[in-house]
Amino acid sequence: MLAPIPVDRGTELRLVRFAEPAPTASGMARKVHAAPYTGLHPWFPLSPCGDGCLAEHRDTVSAARAAGRVARAAAVVAAAVWTWPLLVVFPRSGRRRFVSGLSRQLLVALGLTVVVDDRRAVPGRFDGLVVANHISYLDIAAIAGVCPARFVAKAEIADIPGAAVPAVIFRTIKVQRNSLRQLPTTVGVVAARLARDRSVAVFPEGTTRCGMSAGTFAPAFFQAAIDADAPVLPVGLTFTTAAGTCAAAAFIGDDAPWDTLLRVVRTRGLTVRITVHESQAPGTDRRELALRCERLIGTAVHRSP
């Protein structure tokens, strides 16, 4: 039997390996075939969630109201496109307030209620590494509404034509998830920005989930906080309705961005809860730091109403 592929505890994988021929009832050996090679490295993050997590949402608004939400959201984005070039002359604090306000306006326009549970002893501006569980592309607006930051996003999403405007506004740092060779360079970019007292937000799960639970956190980008001696701010995200945790906003399975958007604008009473934990000292061990933040966020997700 071939030796198992080494796995970093910070990612969830679906691994396929060769097995010994298993005997059948007739005593003949049954041949087990490996899945075709996908070109993904062994540490590539794969979500356990899929279309099966998307239950039918019966409590929905009318098509006319959903269309109105889409129109209001489009107006917010259009206003941002026209206003953003004028902000170049504004100080950084002014740009941060603009991004924070824009993000909240977008979520409200889509029909969401935003609830912030800030558990810090001294709430306020934060400069450092922001880490959060990952459910939807709406996570970016949710986090930016509380802690404006430059986001690390996978290149295949950031390069979608419809994502071009948000990518510019949030000054996205692109990461090639299927290239381990490029990862140290991207971590170095994040560390350099943190060293200049800037904020960067990452999703250490590396992929989206349905929101019913948080996954394991890969430690790679936590090294950037250690190298820059920057604090880390854990942020937990949950999407709920009156019935409890809701997967309507999740970007999983065979979803296209438009599919997620349609579920969001059709869902009645959708709330995004943003739980901001106390900032964490970086320490010297990225795996311990990742696990510490993972446990904080995971506890908040499980306890959400």
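**Cores and charged pairs in a predicted model**

Let me begin with Asp255, which touches Leu54, Ala250, Thr260 and Arg263, leaving out residues up to four places away in sequence. I should say at once that the model is predicted. Asp255 sits in the loop between β9 (244–245) and α8. Is this residue buried or exposed? Asp255 counts as buried, because its relative accessibility is 14% and the limit for that class is under 20%. Two of its neighbours are joined to Asp255 through side-chain polar contacts: Thr260 at 3.3 Å, and Arg263 at 2.6 Å.

I turn now to the nonpolar interior. In soluble globular proteins, nonpolar side chains tend to be buried together. In this model, the largest nonpolar core has 48 residues. Which residues have the most contacts inside it? They are Leu110, Leu112, Val130, Phe239 and Ile274. Several elements give two or more residues to this core: the helices α1 (63–83), α2 (92–109), α3 (138–144) and α8 (257–266), together with the strands β4 (129–132), β8 (232–241) and β10 (271–276). Apart from this core lies another, of 24 residues, with Val175, Leu194, Phe221 and Ala230 among them.

Leu110 deserves a closer look. Not counting residues up to four places away in sequence, Leu110 touches Arg69, Ala73, Leu138, Leu261, Val264 and Val265.

Next, I would draw your attention to Thr241, in strand β8. Once its neighbours within four places in sequence are set aside, Thr241 is in contact with Cys246, Thr267, Arg268, Gly269 and Leu270. How far is Thr241 from Val272 in sequence and in space? The two residues are 31 residues apart along the chain, and their C-alpha atoms are 9.0 Å apart.

Arg268, one of the contacts of Thr241, leads to the charged pairs. Side chains of opposite charge can pair when their charged atoms come close. A search of the whole structure finds 10 salt bridges, and I shall describe some of them. Asp59 forms a salt bridge with Arg268, with 2.9 Å between the closest N and O atoms. This pair links distant parts of the chain, 209 residues apart: Asp59 lies in the loop between β2 (29–30) and α1, and Arg268 in the loop between α8 and β10. With relative accessibility at 48%, Asp59 counts as partly exposed; Arg268, at 37%, is also partly exposed.

A second pair is Arg120 with Asp118, whose closest N and O atoms are 2.7 Å apart. Which class of accessibility does each partner fall into? Arg120 is buried, with a relative accessible area of 9%, whereas Asp118 is partly exposed at 25% relative accessibility.

A third salt bridge joins the side chains of Asp127 and Arg125, at 3.3 Å from N to O. Asp127 is partly exposed, with a relative accessible area of 24%. Arg125 counts as exposed, because its relative accessibility is 54% and the exposed class lies over 50%. Asp127 and Arg125 also belong to a network of salt bridges that includes Arg92 and Arg96.

To close, I return to the two themes of this talk. The interior holds a largest nonpolar core of 48 residues, with another core of 24 residues apart from it. Among the 10 salt bridges, the pair of Asp59 and Arg268 links distant parts of the chain. Thank you for your attention.

Key
Residues numbered from 1 in each chain as written. Predicted model: local features only at pLDDT ≥ 70, side-chain atom pairs only at ≥ 80, totals over all residues. Heavy atoms only, no water. Core = buried A, V, L, I, M, F, W, Y, C linked by side-chain atoms within 4.5 Å. Buried < 20%, exposed > 50% of the residue type's maximum accessible area, 1.4 Å probe, protein only. Helix = DSSP H or I, 4+ residues; strand = E, 2+ residues; numbered from the N terminus. Contact = heavy atoms within 4.5 Å. Salt bridge = Lys/Arg side-chain N within 4 Å of Asp/Glu carboxyl O. Polar contact = N/O pair within 3.5 Å; in protein donor to acceptor, adjacent residues only side chain to side chain.
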